[in-house]
Amino acid sequence: MLRPLLYLSALITFAGAQRFTASSEFDISSCPITFYGRTHQRAYVNFTRQNLVVCFSGFYGSRTDGDCIFGPLPDSGSAEFEQYQRIPVLETIVKYSVPSIDTRMDCYFSFSFQHNRGYSTLALIKFGPRSVLYVYTPAEGTVVVDVQVDGTTADKVTVTNTPTSRQTRGYLDTSGCRHAGAVYKPATEVSSPETCFRLTCDKDVVLTTSSCGPLERCLGNGSCIPAALYDAIFNPKLDEVCTVTGPALVDFRGGVTSVRDRCSYSLLSLPSVPDFQVVASFQERRRKDVSFLDGVTLRLGGPDVRVHLKQGGRVLVNDATLTLNSPDPLVHPAGVELSKDLTGVTAKVSLSNFTVSVFFDGYTAQIHLQGPVGSALHGLCDNASRSLADLRLPESSSTSCETQFTDTDDPTISCTKMTEHCNLLKEAPFSACDINPEPYITACTKTLCSYPDQDGLKCQFLEAYARTCRLKRNATLAGWRTKTECSHPEAFCQDRTCSDHEFCGEKTVGGDTRCFCRAIFASKYRDSNTLGDPMVCNQTSASLTLANCLLEDEGVDYAALHLKDLTCRGRMDEETHMVTFSFNGTNRCGTEVMNNNNQIIYQNTISNHGGSSSVITRRDQVFIDFSCVYSQEAIKAFKIRSRCVADCGTNDDGSSVIKVITSGVWNYTLTMKAYTDAARTQPVESDTQVGLDQTIWVELKTDGLDGDLLSIVTESCWATNQESDNSSLRYDLIKNGCANPVDPTVRVEGNGEGTSNRFSFNMFQFSGRSGNIYMHCKLQLCVKEGNSCIPQKCNGARRRRSIRSRTGSPALISMVWTD
């Protein structure tokens with residue numbers, strides 16, 4: 001169906017309309033649109049509560065930093081997409097309405113829908129490297145269509161249709177050039193004498209820029225001179241400060257960048273001092289998609305000294321913790337002067353003609369460099385516009401550190417309010433410092449518009465600027481704390497040590513601090529609604545490890561938790577802050593052992609219920625059940641082959657069979673072995689001669705079961721002439737746990753008394769048959785507590801309790817004599 005685009009439907013050649021009612025992606029490569037200087041070949045359309053949104057870098061919502069058009073919301077929740085070729089009459093009308101367009105029309109595409117009981121249209125018309133947004137709405141009223149470029153509203157089209165105006169159409173020239181996050185209209189020239197920067201976006205939307213070269217400096221009047229001459233005149237001594245705070249870095253010259261991953265980067269290295277480097281590492285905190293400076297390392301020469309400035313004011317030299325108690329500086333043998341006060345830790349080192357001082361307070365690092373003018377420098381502090389990939393240090397970063405995440409929008413963030421706060425750097429008393437505040441404002445605004453105002457975050461950018469002024473200009477900026485309500489110069493979370501998967505933050509704004517889980521670490525547990533790692537079952541012991549930061553998130557004190565035995569409590573690892581609860585065969589901590597169908601279950605509970613008789617409590621109750629399981633069905637068929645005198649052939653595999661029985665991560669081993677002597681010292685080997693009527697002793701033995709709680713019972717054994725346990729010929733040796741009374745050669749010993757038992761019989765063969773004889777046994781695990789597992793009255797009626805699970809099939813053990 002053709003849409004009312006200037007009433008030219010009779011002249012249009014078009015493909016069929018595509019109706020859609022949900023988020024849809026369209027291929028516009030046959031009519032690629034150049035939208036404010038960037039060409040797009042796909043369109044992504046979805047419906048929000050207020051708009052039909054057309055974006056070109058992905059659906060709006062999954063990302064909000066691209067190019068988008070926000071049109072009115074369709075009445076019916078549906079729209080149609082169509083593409084058209086050039087229409088000369090339409091080209092003439094658009095050029096008349098948009099005089100800035102003077103190139104030939106190529107094609108266009110449109111989205112049409114019902115709005116306010118009229119059929120409205122949004123269309124993008126391609127004129128070579130330029131484009132025009134067309135809006136049609138016949139309904140009375142005002143329709144505003146916003147245009148977003150790189151996540152920021154850049155322009156809009158307003159159509160006001162009244163009986164007087166009769167306006168139903170609107171046009172917007174969406175041509176332009178982009179540079180450094182800004183959009184420039186065609187035929188625009190911009191120049192800055194202060195920075196010697198010039199930009200031109202000509203009428204054909206061709207962008208050209210010029211500025212001083214890498215070896216030049218601007219005099220502030222539009223003229224460039226060699227950098228060496230500039231430094232000789234204006235900077236007789238190198239005295240620079242680089243600031244890294246949160247995810248942002250402000251380099252020595254005021255350049256700004258942000259680190260979005262969790263890798264390590266070179267901040268500063270000196271080619272004239274090859275063994276020196278300052279490295280910064282980044283980690284996430286409350287959000288997965290925002291990284292923070294987490295630590296600073298000074299790499300020195302000699303014996304590869306590494307001085308690590310860590311969270312909480314900790315200092316490590318290589319892997320050894322260094323204690324800084326005295327206010328006087330401590331000089332390490334490597335030549336590093338270390339000092340600590342309430343504001344943070346400072347490491348100072350003199351290298352050749354340079355002096356480098358590195359300050360770190362847990363959130364902000366500032367590198368103060370003094371040295372000869374014109375010295376070659378490397379690292380992000382020298383040039384923040386350098387590619388992060390070039391300065392990433394793989395030997396200090398994990399393999400997954402480059403992975404970037406997206407997180408849900410935080411409705412508590414007010415970007416407008418945070419921007420107003422960051423702009424305080426333009427006002428007194430900050431204006432008394434002649435250092436350009438714009439880089440710090442940019443870093444402050446970008447961070448606080450994407451991360452919640454917690455943990456003293458909004459003060460650290462102001463603190464960083466004030467400290468830079470003090471270092472470079474000796475300016476104290478008196479009264480700035482009072483004006484900005486940043487009244488605490490002490491380092492945040494000083495002397496609080498958190499583990500690698502934690503960070504120190506505020507419980508409440510301005511309140512106490514504690515260690516919180518980092519967002520990526522916590523997500524794997526929150527997604528599965530758990531508080532720690534899976535249960536670990538190992539032989540007759542078991543353990544469950546919980547993350548203390550997750551417990552604290554739930555308001556749970558780990559010290560109040562215990563197993564069923566109140567004396568069995570969790571152990572906190574002082575380094576990882578993981579809390580482990582465990583029991584074993586020596587101390588079962590109230591563990592209950594039960595038989596459930598085909599499983600033997602060891603079950604316990606972690607709780608904070610102390611057995612108080614009080615009828616009320618003001619603390620949440622915690623109950624975490626966990627268990628380890630032995631499976632009875634895991635034992636499968638065994639075969640033992642031996643050689644006898646009368647037509648029994650040879651044994652290829654010997655007479656010993658070992659089977660590992662596994663249940664989850666708990667396992668035990670069952671061994672069955674045949675012997676020719678009662679003391680079970682002479683095993684039947686592959687070359688052992690076994691004669692008819694010769695006595696054979698068989699031992700069934702387990703390893704890995706808790707003998708205090710469990711025993712094994714050989715319930716029955718029988719022989720067949722086929723490998724199947726239900727073949728036509730059968731001869732019973734053990735029935736109901738007892739020797740078959742019709743065969744006086746059968747003896748059963750220790751059945752049900754422990755984790756092993758034995759039986760013996762005289763060798764035989766089936767009458768009239770020769771060849772293989774197969775022996776099969778059914779075994780069961782039995783819980784000994786409160787029960788007797790020993791078969792009763794083997795010479796009379798069977799009276800013992802059934803140890804077989806109600807639904808589980810019996811396990812089989814087969815002994816095979818074959819020729």
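## Cys589 and its partner

Cys589 sits in the loop between strand 41 and strand 42 of this predicted model. Its backbone is a bit unusual: phi is positive, about 55°, although Cys589 is not a glycine. The residue is also buried, with a relative accessible area of 4%, so it falls under the 20% cut-off used for that label.

Cys589 is half of a disulfide with Cys568, and the two sulfur atoms are 2.1 Å apart. The torsion about that S-S bond is about -80°, so this one is left-handed. As for where the partner lives, Cys568 is in the loop between helix 9 (548-553) and strand 40 (571-572), while Cys589 is in the loop between strand 41 (578-583) and strand 42 (592-596), so the link ties together parts 21 residues apart in sequence. Cys568 is buried, just as Cys589 is.

## Two more of the disulfides

How many disulfides does a search of the whole structure find? The count is 17. Another one of them joins Cys422 to Cys444, with an S to S distance of 2.0 Å. Here the S-S torsion is -70°, and the link is left-handed. It connects distant parts of the chain: Cys422 belongs to helix 4 (residues 415-422) and Cys444 to helix 5 (residues 438-448), with the two positions 22 residues apart in sequence numbering. Both Cys422 and Cys444 are buried.

Then there's the pair Cys212 and Cys224, a disulfide with its sulfur atoms 2.0 Å apart. Its torsion about the S-S bond is about -90°, so it is left-handed. Cys212 lies in the loop between strand 19 (207-210) and strand 20 (216-218), and Cys224 in strand 21 (residues 224-226), so the bond ties together parts that are 12 residues apart in sequence. Are the two ends buried or partly exposed? Cys212 is buried, at a relative accessible area of 16%, whereas Cys224 counts as partly exposed at 31%. The labels split because buried means under 20% and partly exposed runs from there up to 50%.

## Backbone oddities

Besides Cys589, have a look at Asn529. This residue has a positive phi of about 55° too, and it is not a glycine. You'll find Asn529 in the loop between helix 8 (519-527) and strand 38 (536-538). Is Asn529 buried or exposed? With a relative accessible area of 74%, Asn529 is exposed, while Cys589 is buried at 4%.

There's a cis peptide bond to note as well: the one from Ala428 to Pro429, with omega near 5°. Pro429 is in the loop between helix 4 and helix 5, and those are the helices that hold Cys422 and Cys444.

## Contacts of Gln83

Gln83 belongs to strand 8 (residues 79-85). What does its side chain reach at 3.3 Å? That would be the backbone oxygen of Asp27. The Gln83 side chain also makes a polar contact of 3.1 Å with the side chain of Ser30.

## A nonpolar patch

On the surface, Leu219, Leu229, Ile233 and Phe234 form a nonpolar patch. Together they account for about 360 Å² of accessible area. One of these residues, Ile233, is placed in helix 2 (residues 227-234).

Definitions and conventions. Residues numbered from 1 in each chain as written. Predicted model: local features only at pLDDT ≥ 70, side-chain atom pairs only at ≥ 80, totals over all residues. Heavy atoms only, no water. Disulfide = S-S within 2.5 Å. Helix = DSSP H or I, 4+ residues; strand = E, 2+ residues; numbered from the N terminus. Buried < 20%, exposed > 50% of the residue type's maximum accessible area, 1.4 Å probe, protein only. Polar contact = N/O pair within 3.5 Å; in protein donor to acceptor, adjacent residues only side chain to side chain. Patch = residues over 30% accessible without salt bridge, like charges linked within 9 Å, V, L, I, M, F, W, Y side chains within 5 Å. Areas by Shrake-Rupley, 256 points an atom, 1.4 Å probe, with all protein chains shown as cover. Salt bridge = Lys/Arg side-chain N within 4 Å of Asp/Glu carboxyl O.
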